[in-house]
Amino acid sequence: MPDGSATDTATASAAHASATRTATRSPVRGGVGSDADRPDGIPKVQGRFGFSSDAFAEGMLWGRTLRSPHPAARIRSIDTSAAEQMDGVAVVITAADVPGRATFGLDHPDQPVFAADVVRYQGEPVAAIAAVHPEVALRASSAVEVDYEELDPLVDAEAAIDAAPIHPDGNVVRHIEIVHGSPDDASGEVVVDGVYEVGMQDQAFMGPESGLAIPDGDGGVDLYVSTQWLHVDRDQVAACLGLPPEDVRVTLSGVGGAFGAREDVSLQVHLCLLALRTGRPVKMVYSREESFFGHVHRHPAHMRYRHHADRDGTLTKVEARVVLDGGAYASSSTAVISNACSFAAGPYRVPHAHVEGWAVRTNNPPCGAMRGFGSVQVCVAYEAQMDKLAAALGMDPVELRLRNALETGDRMITGQRITGVAPVRECIQAAVDLPLPDDLGGPLEFPGGTGRTADRQHVRRGVGIAVGYKNLMYSEGFDDFSTASVRLELAGDGRPAATVHSAAAEVGQGFVTLAQQIVRSELGVERVQLRAADTAISSAGSTSASRQTWMSGGAVQGACAALRTHLLERVAGQRGIDLAGARRQVLLLRDGEIHHVDEGWSVPLADALVAGPVEETYEYHHAVTEPLDERGQGDAHVSFVFAAHRAVVDVDVDLGLVRVRQITTGQDVGNALNPRQVIGQIEGGIAQGVGLAVMEEILLSQGRIRNPSFTDYLIPTALDMPQVEATLIEQPEPGAPFGAKGVGEPPTISSTPAVVAAIRAATGLDLRRVPVRPDDIALAPSDS
């Protein structure tokens, strides 16, 4: 790898992956900036880690959900009597048994706990059963008789805009329009058009939905579940149970991946209803097939674009129309379409823009949050447009992007000025400067791999570039905050030990590691443990929007600062020092000791804790944002993160098979708090980006899922992963704790269009839909 300004190299855990950093620091041992080990890493690889599916309680029952086989139907009747009379069945519940609010929802409650009169998607829950064994519950679900009147499903998102409503709230969840500059008057010397589509992607986490609900005997319930947002789960469950929130206590169980799908409620309400009705613990574990019906997916998108530019390549105007299929219920579609429209022009200076977006309801499966959150879909379109524009101008695609790249101080199409770091050019340059891979290699490295189907004469190589960006944290005026407490005390051996309590959901992103690193750096204490995340403490917000490093990291840092002040005041009181009257700070906590700056004496931290433990709680808030106005203008976002990807692919143009050989990336990370974990996020995000580019799609036929299994829904394996080379662009973000930015989403945003661009380069085909299927290549007209 080129030296550039890199002064340190970190090797990733997976083979064929490496990273170059553009900055280095001398961290505290195990502190911020180090490659500290995950506290849950060894238990996970040894199989000792407890996931939610491992939960157990004495005397527990097993739950099962009965789901509609139809995407659209009226329910004429439900007969549960046969199921209720089966041996081993404890209870069967339907919509009539919901004691509180009949609906739930992430943004607003529009989704029934159980369908009562109408079903709006295949897989919608109709009833739930608790029984002594999962097989008994399964047989009982088959014994419930539901009389359906099938209806014609509404499955076309474009048609849904004006179609008869399938929901009392209407079909249009949100319509947004962004008018920037004077788009009616502006034009360009060169104009390119394109229509693009993105299919429905599943989060495909390894651990299906599961949980355990235990009634407390006093009308309340304890819920142990894998989720991304403990407090919002609690509030929705409590409302449906008709209970005050404090009577529903939610504890995070081990999470086997999330990627957005666990933001919405799935089995939580059903579990708690069954537990309270039976007075016994109830456990539920979805099968893989049921998981496909039980959570939201990435929104399919239909996008129409027109780019205008001058002859020198300067962008003058972008026009876009974006339609997202939200499926049957709203979930987070209002925010996803806002993101899609806000970032529809890409990380480029665009003086004039007109963007319209719709998120609509259909009878397709519900869609909501997934890694990239609206930015993924539009990046596929605007980066294809940039390549098309470069070709029309006769300009190098990299040069076109560098010419128009956003910088600090520029305005995006929502009118918001970027005040943080915006190293777009650095990201692009880093991605393209890394060496290209060698030639095609041997037959096993051809497309098709061990199948040895490829003939060398049919293999073409292509290289593509793409750049993407999105927001960090929540937007448009959302009251986003996170709470954490830190307790410092003497352990049994007399040494200081810290305990962190936060409701931040650890879903694999590594916050449990960062929390320990922050405490070590702030307090100089090696021993740091974390309490289970639960609702006993105030909210930490959702583990989404790449926000926990900033938000909950800021909360832990703030709690440490308050605790440090408390400790210094304690020692000052013991030594008769007037801190309030001092003109400058005379006591410092450093290297595990409290030092007097002027007098030279020090007190070991352990001695300062003899008088008792110290605990502080801190609530962190980011800068205030505001909703977009009627023209889509406003300071809606807190901060932005950028990345560029270059993909190298080998394509068998005869069979349509693609082998992604290499992806290089330059990613804006602010300050890498744990470089090894950053690389893990980059690798994982690229895996999902590669999957969307060439294989991952939920296939639908009139609203019915055709491939609800990992046999038919294909995801990249280790053999499909390309060589990954990354440069971490480290320019600390002003206002961010430790200058760090979230890193989980950018690898997914622009890796997909980079791969598709490379396939276009290899084949010469105008590919406008992802994922790219073998038929799109092999069966393409010969004169394309």
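Domain bounds here come from an automatic or database domain assignment, and the model behind all the views is a predicted one.

**View 1. The chain is split into three assigned domains.** Domain 1 is pieced together from 53-152, 208-255 and 262-294. Domain 2 also comes in separate stretches, 297-475 and 628-778, while domain 3 is the run 480-620. Go by C-alpha atoms, and the centres of domain 1 and domain 2 sit 36 Å apart.

**View 2. Domain 1 meets domain 2.** Here 23 residues from domain 1 make contact with 26 from domain 2. Together the two domains bury about 1900 Å², and carbon and sulfur atoms account for 55% of that area. On the domain 1 side, keep an eye on Pro71, Asp110 and Phe292: they supply 31% of what domain 1 buries against domain 2, more than any other three residues.

**View 3. Polar links run between domain 1 and domain 2.** There are two salt bridges between these domains. In one salt bridge, the side chain of aspartate 110 pairs up with that of arginine 361, at 2.9 Å from N to O. Polar contacts add up to twelve residue pairs across this interface, counting pairs with both residues at pLDDT 80 or more. Strand E7 (111-112) and helix H7 (288-294) are the elements that each put two or more residues on the domain 1 face touching domain 2. H7 gives the most, with four residues. What is that face made of, by residue class? It has nine nonpolar, four polar and ten charged residues.

**View 4. Glutamate 697 sits in a loop.** The loop in question links helix H15 (675-694) to strand E30 (700-701). Is glutamate 697 buried or exposed? It counts as buried, because its relative accessibility is 8% and the cut-off for buried is under 20%. Its side chain makes a polar contact with the side chain of arginine 773, at 2.9 Å. Leaving aside residues up to four places away in sequence, glutamate 697 touches Gly199, Met200, Asn707, Tyr713, Arg769, Pro771 and Arg773.

**View 5. Threonine 483 lies in strand E21.** That strand covers residues 481-490. With a relative accessibility of 4%, threonine 483 counts as buried. Which residues does threonine 483 touch, once those up to four places away in sequence are set aside? They are Ser502, Ile537, Ser538, Ser539, Ala540, Ala555, Thr617, Tyr618 and Glu619.

Key:
Residues are numbered from 1 along each chain as its sequence is written. This is a predicted model: local features need pLDDT of at least 70, side-chain atom pairs count only at pLDDT 80 or more; totals for chains, interfaces and linings use all residues. Side-chain values use heavy atoms; hydrogens and water are left out. Contact means heavy atoms within 4.5 Å. Buried area is the accessible area (1.4 Å probe) that two parts lose on being put together, summed over both. A salt bridge is a side-chain nitrogen of Lys or Arg within 4 Å of a carboxyl oxygen of Asp or Glu. A polar contact is a pair of N or O atoms within 3.5 Å; within protein, one must be able to donate a hydrogen and the other to accept it, and residues adjacent in sequence count only if both atoms are side-chain atoms. Ala, Val, Leu, Ile, Met, Phe, Trp, Tyr, Cys and Pro count as nonpolar, Asp, Glu, Lys and Arg as charged, and the others, Gly among them, as polar. Buried means under 20% relative accessible area, exposed over 50%, partly exposed in between (1.4 Å probe, protein chains only).
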